[in-house]
Amino acid sequence: MADLHVGNIACCLCGVPTSASTAYEGMCATCTGSQVDITSGIERSVEIEMCKGCERWFRNPGWAVAQLESAELLTLCLRKLRGLKHVRLVDAAWIWTEHHSRRLRVKLTVARDLVGASGSTYVTCLQQSLVVEYVVRTRNCDACNKVAAKDTWQAKVQVRQKTEHPRTLLALEQHMLKHQKSRVALREVKRVGDGLDFIFGRRQDAHRFALGVCALAPCKCKASSSLVSANAKTGTSNVRHVWAVEIAPLCRDDLVLLPKGVAPSLPPLVLVSRIGASLHLVDPASGAAAEVTAEQYWRNPFPPLGTKRHLINFVVLDCELEQAAPRGAGPATPLPGAAPLVLSADGRAEGA
């Protein structure tokens, strides 16, 4: 049987010879790309909602966390776009816009195979680009609406520290600024007399935050819950959860008097060198160090004898090594000897 030969036809627009099996409505590939618009069914302007309180984005039926110009936000925007079912998405990229403009612009590249008059598939797929603009509308999510109302919280972490200077609470604030998850889950912060109250929308977030505070400083944590209301027909209830976290009233450079048996390797008077999940103590005379866990501290707590307020500024004029008296049969231990000059409050030497 002889092979069938498909002849060429002239393009109906430019007259260039083209194969009859690949021509789309009598046009060549160049004229098809200029005359056929495969992006006509795709929306050019779409609205997207953002919570103005927690800056989360609405994704039906809930709210999602996503940074500006991130891959997560790009996925959310593409899901809201209509008209992509009839084309193939080749590429999607952000176009930079001002943050205060409340506009998001995305450049899309789509492709589609065109079917010729003879019923065969068009060999060279048609690929075009377009820009879609998303208008950002702001409103409050359900969690922020509950926070705006009075006394509707579900979980609370009460952090308390009875000290002269809340340095540990300030360190806790810096730790929250570094961790985005804690900032998003947090709904409100209230300052009280000797600490802070952190209000969360979910019990899991508050529990995770309380464990994080215990990892930053020696703490004593106690959890409690109370029933607000219950519905016997639906089997639901409104329960409030509270975590009372008490931080040890010690800060770095505090002078403490150790109770008997807390740190046998150290003398009674020591300094606090570092605060973490446990206390790090150091003997200023010998340089010996020891660690006291949070459980050991709260079993026999001890207050500070001297704080940073009692420190005195001085300048070291001279420093030399002195041979200390040997203890037992061991060799002599060289200790540094310093000649300090005490400074007054205005920075001058006393007696000058």
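Author: Two rings of Phe, Tyr or Trp are called a pair if their centres lie within 6.5 Å. In this predicted model, ring pairs of that kind link Phe198, Phe200 and Phe209 into a cluster.

Reader: How many aromatic pairs does a search of the whole structure find?

Author: The search finds five aromatic pairs. One of them is formed by phenylalanine 200 and phenylalanine 209.

Reader: What makes the pair of phenylalanine 200 and phenylalanine 209 a tilted one?

Author: The ring centres are 5.2 Å apart and the planes make an angle of 45°. Planes under 30 degrees apart would be stacked and those over 60 edge-to-face, so the remaining range is called tilted. The angle of 45° falls in that range, and therefore the pair is tilted. Both phenylalanine 200 and phenylalanine 209 are buried.

Reader: Why is the pair of tyrosine 297 and phenylalanine 302 called edge-to-face?

Author: Here the centres are 5.0 Å apart, and the planes stand at 80°. Since edge-to-face needs an angle over 60 degrees, the label follows.

Reader: How do you know whether tyrosine 297 is buried or exposed?

Author: Buried means under 20% relative accessible area. Tyrosine 297 has 1%, so this residue is buried. Phenylalanine 302, with 3%, is buried by the same cut-off.

Reader: Let's turn to the helix that carries Phe209. Which residues of H6 are buried?

Author: They are Asp205, Ala206, Phe209, Ala210 and Val213.

Reader: What puts these buried residues on the same side of H6?

Author: Around the axis they cover an arc of only 135°, which is why they share one side of H6. Arg208 and Leu211, on the other side, are exposed.

Reader: How does the reach of helix H6 compare with the expected value?

Author: Helix H6 (residues 203-216) has 14 residues, and from its first C-alpha to its last it reaches 21 Å, close to the expected 20 Å. H6 lies across E9, E11, E12 and E13, and it runs at about 10° to E13.

Reader: What makes strand E10 and strand E12 edge strands?

Author: The open sheet has five strands in the order E10-E11-E9-E13-E12, with mixed pairing. Strand E10 (186-192) and strand E12 (219-231) each pair on one side only. From one strand to the next, the twist averages 15°.

Reader: How do you know that E12 and strand E13 pair?

Author: At least two bridges are needed for two strands to pair. E12 and E13 have twelve, in the antiparallel sense, so the requirement is met. Within E13, alanine 244 is the bridge partner of lysine 222.

Reader: And in the sheet E17-E16-E15-E14-E18, what is the pairing?

Author: This open sheet of five strands is antiparallel. Strand E17 (289-292) and strand E18 (304-306) have a single partner strand each, so one side of each is without a neighbour in the sheet. The average twist from one strand to the next is 45°. Strands E14 and E15 are joined by three bridges, and valine 256 stands opposite valine 270 in E15.

Reader: Why does glutamate 69 count as partly exposed?

Author: Its relative accessibility is 38%, which lies between the cut-offs of 20% for buried and 50% for exposed, so partly exposed is the right term. Glutamate 69 also has a positive phi of about 60° although it is not a glycine. Aspartate 253, in the loop between E13 and E14, has a positive phi of about 75°. At 32% relative accessibility, aspartate 253 is partly exposed too.

How values were computed:
Residues are numbered from 1 along each chain as its sequence is written. This is a predicted model: local features need pLDDT of at least 70, side-chain atom pairs count only at pLDDT 80 or more; totals for chains, interfaces and linings use all residues. Side-chain values use heavy atoms; hydrogens and water are left out. Helices (H or I, at least four residues) and strands (E, at least two) are DSSP runs, numbered from the N terminus. The expected span of a helix is 1.5 Å times one less than its number of residues. Buried means under 20% relative accessible area, exposed over 50%, partly exposed in between (1.4 Å probe, protein chains only). The arc is that of the directions from the helix axis to the C-beta atoms. Axes are lines fitted to C-alpha atoms, for helices over the stretch in contact, and angles run from 0 to 180 degrees between N-to-C directions. Contact means heavy atoms within 4.5 Å. Rings of Phe, Tyr and Trp (its six-membered ring) pair if their centres lie within 6.5 Å; planes under 30 degrees apart count as stacked, over 60 as edge-to-face and the rest as tilted.
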